[in-house]
Amino acid sequence: MNLFNNTKLFSVKELFTLLVNGKGNNNLLSDGDSTPYLGAKKDENGVMRYCANDNALSMKGNCICFICNGAGSVGYTLYMDRPFIATSDIVAGYNDNLNPYIAMYLISLFDLERPRFSYGRKWKKTLKDTTIPLPQTEDGNVDWAAIDSYIKNSIMPILPSRAKTIWSLGVDKAPITQNSLKLSDRDWKWFRYDEVFKICKGFYNKKPDHNPNGDIPFIGATDANNGVTSQTDIETIMISTKTGELPNSPLEEKLFKPNCITVSNNGSVGYAFYQSKAFTCSHDVNPLYLRDRDMNKYIGMFLCSIIELDRYRWNYGRKWRPIRMPSSMIKLPVNSSGKPDWQFMEEYIKSLPFSSQI
């Protein structure tokens, strides 16, 4: 990726006047919703959870964060615009010229380094010497103004309006409600999955044909894009079969109702996404519906976060097929009757920053 004529290789130690190691420990953090806690996580901008602020651990925002360790995540970079706490797997780089636009460009270049860190290799030892090509001024320094101008004038105009708003930092950070809720406000209890969810089997072994203009998402075993790996349409679903060969199956076995969670049981095992519209899916996905009420996006977001905490159980090729999932356990906040407190879950999500954007 080289968009400028006059470029030069600059190392991390040249670009960042300060490199700071994270030193947070998830088990020692206090519950709260004021401060993001970053870890070796390639999605959701690295945020593992929100916690109470701790001045001894807090790191300043407006920095590039390098994920230097972590299976599947090492080599990713992200931008943090606000104070945060991070694990020791994170190194934050600071430069007075940094802003969201320049960060967008730098991250795109640094992420090209990811293939170097497969097979368990870590980044911390070689981070300072990692180089990327950047435009230079006549005196050989980084031309920060050129990068800033390129992103603002060439990239921003072609972004979708939603992305423009986010990168312009114009997104509404306010919560839906002003309730001050903590996860410790309720007792928690273990439930079997089949006590809470109606667990369904996905359908397709052979993916139906992609239709870019289709209005029905196909959910696959991926860790990104809300599980959507392609788009299709009702006509294609009707004629498509499980394996690509006859016999065919009824439409109701292929098309799933909305307001549920889809969980990958193979591949990217344990990733969970709330589905707000009707969809079809791979047999590597388990659709989950609540047994005693309809799900909504707030409860769905809460449950997805809880479900994904158990991803570590499914490493080393273990699958989470529907035959194994019913006896799995999930810990949920409960009401005075010992039942899942769905109202609390919904209100807790609504009380978080940015909930108005869900």
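In this predicted model, N45 is placed in the loop that runs between strand β3 (31-38) and strand β4 (47-51). The backbone angle phi of N45 is near 55°, which is a positive value in a residue other than glycine. A second backbone feature is found in another loop, the one between helix α6 (234-239) and strand β14 (260-264), where P247 lies. The peptide bond that leads from L246 to P247 is cis, and its omega is near 10°.

A third loop, between β11 (197-199) and β12 (216-219), holds D215. When its neighbours within four places in sequence are left aside, D215 is in contact with Q231, T232, D233 and K277. D215 and I358 are 143 residues apart in sequence, and from C-alpha to C-alpha they are 21 Å apart in space.

These loops belong to a protein chain with 8 helices and 18 strands. The C-alpha trace of the protein chain spans about 70 × 50 × 40 Å along its principal axes. How does the radius of gyration of the protein chain stand beside that of a compact globule with 358 residues? Such a globule would have a radius of gyration near 21 Å, and the protein chain, with 23 Å, agrees with this.

Two pairs of helices can be set out side by side.

| Helix pair | Distance between axes | Crossing angle | Contact residues by class |
|---|---|---|---|
| α2 (100-110) and α3 (144-155) | within 8 Å | roughly 95° | 10 nonpolar, no polar, 2 charged |
| α7 (297-308) and α8 (342-350) | within 8 Å | roughly 90° | 9 nonpolar, no polar, 2 charged |

The axes of α2 and α3 cross at roughly 95°, and because angles of 65 to 115 degrees count as roughly perpendicular, these two helices are roughly perpendicular to each other. On the α2 side the residues that meet the partner helix are Y101, I102, M104, Y105 and L106, while α3 brings W144, I147, D148, Y150, I151, K152 and I155. By class, this contact has 10 nonpolar and 2 charged residues, with no polar ones.

For α7 and α8 the axes come within 8 Å and cross at roughly 90°, and these helices are therefore roughly perpendicular to each other. Their contact is made by Y298, I299, M301, F302 and L303 of α7, together with W342, M345, E346, Y348, I349 and K350 of α8. The residues of this contact divide into 9 nonpolar, no polar and 2 charged.

Finally, there is a pocket to consider. The second largest pocket has a volume of about 160 Å³. Which residues line the second largest pocket? Its lining is formed by K198, C200, E252, L255, F256, K257 and Y289, and these residues divide into 4 nonpolar, no polar and 3 charged.

Methods: Residues are numbered from 1 along each chain as its sequence is written. This is a predicted model: local features need pLDDT of at least 70, side-chain atom pairs count only at pLDDT 80 or more; totals for chains, interfaces and linings use all residues. Side-chain values use heavy atoms; hydrogens and water are left out. Axes are lines fitted to C-alpha atoms, for helices over the stretch in contact, and angles run from 0 to 180 degrees between N-to-C directions. Helices (H or I, at least four residues) and strands (E, at least two) are DSSP runs, numbered from the N terminus. Angles under 35 degrees count as roughly parallel, over 145 as roughly antiparallel, 65 to 115 as roughly perpendicular and the rest as oblique. Contact means heavy atoms within 4.5 Å. Ala, Val, Leu, Ile, Met, Phe, Trp, Tyr, Cys and Pro count as nonpolar, Asp, Glu, Lys and Arg as charged, and the others, Gly among them, as polar. On a 1 Å grid over the protein atoms alone, a cavity is a set of points where a 1.4 Å probe fits but cannot get out, and a pocket is an open set with protein on both sides within 12 Å along at least five of seven lines; lining residues have an atom within 4 Å of a point. Grid points are joined across faces, edges and corners, and a volume is the space filled by probe spheres set on the points. The radius of gyration is taken over C-alpha atoms; the globule rule is 2.2 Å times the number of residues to the power 0.38.
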